[in-house]
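Welcome! Here is a short guided tour for anyone opening this structure for the first time. Please keep the sequence and the 3D view side by side as you read.

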Amino acid sequence: MESIAVWQGATLCGIVLWIIVASYLDVTRKLRSFLQPWVAQHVTTDTPLILQIQNYQHRFLDAFFAGLSCVVSVPFYTAFLPLLFWSGHGKLARQITLLMAFCDYMGNCIKDVVSAPRPSCPPVRRITATKDEEDNALEYGLPSSHTLNTVCLSGYLLHYILSYTQNEDSHVKFAGFALVCLLVGLIGLGRIYLGMHSVVDVIGGLAIGLVILRFWLSVHEYVDNFIVLGQNVTYFWAALSFILLFAYPTPEFPTPSFEYHTAFNGVALGIVSGVQQTYHQFHHEAVPRVFTSQLTIPGFMGRMLVGIPTILIVKFCSKALAKWILPVLANTLGISIKSTTYIASLKGSSNGKKSDGLKQSGYVQKLFFFSSQDSFDVDTGIRFLQYAGLAWSVVDLVPSLFTHLSL
C-alpha cells in the first residue's frame, strides 16, 4: 500500500516539477523557434504537390474524402464509444477511450508547441464540409490529428481483434494489416486533397502515431489492470487530470486544441472513476455481449434507446451544475474568473471587471498559486466537469438502469 502511494505521489510530483522547470526555462518558445521555421518551409514547399493532387478535383472525391474524415474524427469516435461499452466489450472500449485521450493530448501539445501553419488558402482549395472541420481548420497543422488517431486506433483495434479471437493465421493477419494500411493511406491522402494538411503534417502524424501505438501496446495491460484492480485509482486519476489541465503548452495564438484536450481529459476521468467503482458489476469479462443469446440485437437497441437520452440529460445537467458551482467556488476562494463562452455575465470580464488575461496562459501561469494573470477562464472547468459527468454516466449510471430494466 505504501509503495503504491509512493509511486503515485512521485508521478504527480514529477509532472508538477516538469511544469515548473519547463516554464522557467521557456521550453515551448525555444522548441518553437527551432522547429517552426523548418516545418513552415516544408509546408510552403509542399504547396505545388497539394495543388497537383487537387487537380483531380471531382464531386465524388470531395464527398468521399470529406465523409471518410468524418468517420475517423473525434466526434464520431466519441459518439461510438458509449455503444461499445454497452455492447459488452468493456476492455476494448476503455482502452480505446484512454488511447484517444492520450493521442489527443500528445497530438495537440505538439501542434501548439510547433504552431506551424496549415497550407495557405488560397492558392490551396480547402474543403470543410462540417462545423467540426471548420473548427479543425483553426488549429495548427503539424501533426495531422486524423492520421495520428487513425494509426493508433485502427492499429490497436487490429491488435485487440487478433488477440481476442486468438487467430494465428498469417493470411488473416496480413489482410488485417493491409486494411489498416489502406485506411491510413486514404486518410492521409484525403487530408491533403481536402487542403487541410500538407505532406509534412501527414508524415508527422504517421510517425508520431506509430510511436504512440508502440508505446501503448507495451503498457496497455498495466494501465487496464491498474484501473480495474488498483488502489487509490479515482483520487490519483483526478489529481492527474487536474495537473494535465496545466501541463499544456502555450500556442503562438490561441486555438481550439486546448478545448479538445480539456474535454477528453474529463472523459478519461469519468470513464476511469466509473469503471473502477463498478467493474465487478458491469464491466468484467463475463458480461453479456452483443450478438449472443444473452444480449440480442433487440436488447442492444433497447439499451441505445435508454442510454443515449440519459447521457445527453446528464451532460446538460453537469454543464448547468458546473456553471453554477464553479463561479461560487471561485468567488469564495477569491480567484478572479472570466468566461469566453458559457456564462454571459462573465464574458470579457474578471468578476465584472475588464481583463486582458489569455484563455491559454502558460505552464506555470495556469496554476493559480504561481499565476500573474488577472483572471482565469472558468469555461475550462465547466467543460472538464461536463464531459467527466457524461463519461461517468456511460459506465456507471446507464448500466445501472440496464440492470433495473433487465436490458
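## The annotated domain

Residues 93-217 are 74% helix and 0% strand, and the C-alpha atoms at the two ends of this span lie 15 Å apart. According to UniProt, in an unreviewed entry, these residues carry the annotation "domain: Phosphatidic acid phosphatase type 2/haloperoxidase". Please keep in mind that the model you are looking at is predicted.

## The whole protein

Stepping back, you can find 13 helices and four strands in the protein. The C-alpha atoms fill a box of roughly 60 × 55 × 40 Å along the principal axes. How does the radius of gyration fit a compact globule? For 407 residues such a globule would have a value near 22 Å, and the protein has 22 Å, so the two agree.

Of the 407 residues, 51% count as buried. The accessible surface comes to about 19700 Å², and carbon and sulfur atoms make up 69% of that area. Among contacts with a separation of 6 or more, 81% are between residues 24 or more positions apart.

## Transmembrane annotations

The unreviewed UniProt entry also places the feature "transmembrane region" at residues 6-25, 63-85, 146-162, 174-193, 199-217, 226-248 and 295-314. Two of these spans are easy to look up in the model. Residues 174-193 are 100% helix and 0% strand, with end C-alpha atoms 28 Å apart. For residues 199-217 the composition is 100% helix and 0% strand, and the end C-alpha atoms lie 27 Å apart.

## Aromatic pairs

How many aromatic pairs does a search of the whole structure find? The search finds twelve. One of them joins Trp86 and Phe402, whose ring centres are 5.7 Å apart and whose planes meet at 85 degrees; an angle over 60 degrees counts as edge-to-face, so that is the type of this pair. Trp86 belongs to helix 4 (residues 74-86) and Phe402 to helix 13 (residues 379-404), so the pair ties together parts that are 316 residues apart in sequence. Trp86 is buried at a relative accessible area of 1%, and Phe402 is buried too, at 3%.

Tyr160 and Tyr164 form another pair: their ring centres are 5.8 Å apart and their planes are at 5 degrees, so the pair is stacked. Both residues lie in helix 7 (residues 145-165), four residues apart, which is about one turn of the helix. Are these two tyrosines buried or partly exposed? Tyr160 is buried, with a relative accessible area of 11%, whereas Tyr164 is partly exposed at 44%.

There is also a cluster, in which ring pairs link Phe60, Phe64, Phe65 and Tyr193. Tyr193 has a charged partner as well: the charged end of Arg125 sits over its ring, 5.6 Å from the centre.

## Around Ser73

Look next at the loop between helix 3 (59-71) and helix 4, where you will find Ser73. With a relative accessible area of 5%, Ser73 is buried. Which residues does Ser73 touch, leaving aside those up to four places away in sequence? They are Asp132 and His146. Asn149 is 76 residues from Ser73 in sequence, yet the C-alpha atoms of the two are 8.4 Å apart in space.

## Unusual backbone spots

Most residues other than glycine have a negative phi, and most peptide bonds are trans. Against that background, a few places deserve a look. Cys121 and Pro122 are joined by a cis peptide bond with omega about -10 degrees; Pro122 is in the loop between helix 5 (90-114) and helix 6 (131-136). The bond from Leu142 to Pro143 is cis as well, with omega near -5 degrees, and Pro143 lies in the loop between helix 6 and helix 7.

Positive phi values appear at Asp26, near 55 degrees, and at Asn232, about 60 degrees. Asp26 is in the loop between helix 1 (2-25) and helix 2 (27-54), and Asn232 is in the loop between helix 9 (199-229) and helix 10 (233-244). Asp26 is partly exposed, with a relative accessible area of 31%. Asn232 is partly exposed at 29%.

Notes:
Residues are numbered from 1 along each chain as its sequence is written. This is a predicted model: local features need pLDDT of at least 70, side-chain atom pairs count only at pLDDT 80 or more; totals for chains, interfaces and linings use all residues. Side-chain values use heavy atoms; hydrogens and water are left out. UniProt positions are given in the numbering used here, feature names are shortened, and annotations may be inferred rather than shown by experiment. Rings of Phe, Tyr and Trp (its six-membered ring) pair if their centres lie within 6.5 Å; planes under 30 degrees apart count as stacked, over 60 as edge-to-face and the rest as tilted. Buried means under 20% relative accessible area, exposed over 50%, partly exposed in between (1.4 Å probe, protein chains only). A charge sits over a ring if NZ of Lys or CZ of Arg is within 6 Å of the ring centre and within 35 degrees of the ring normal. The radius of gyration is taken over C-alpha atoms; the globule rule is 2.2 Å times the number of residues to the power 0.38. Contact means heavy atoms within 4.5 Å. Accessible areas come from the Shrake-Rupley method with a 1.4 Å probe; for residues, only the protein chains shown count as cover.
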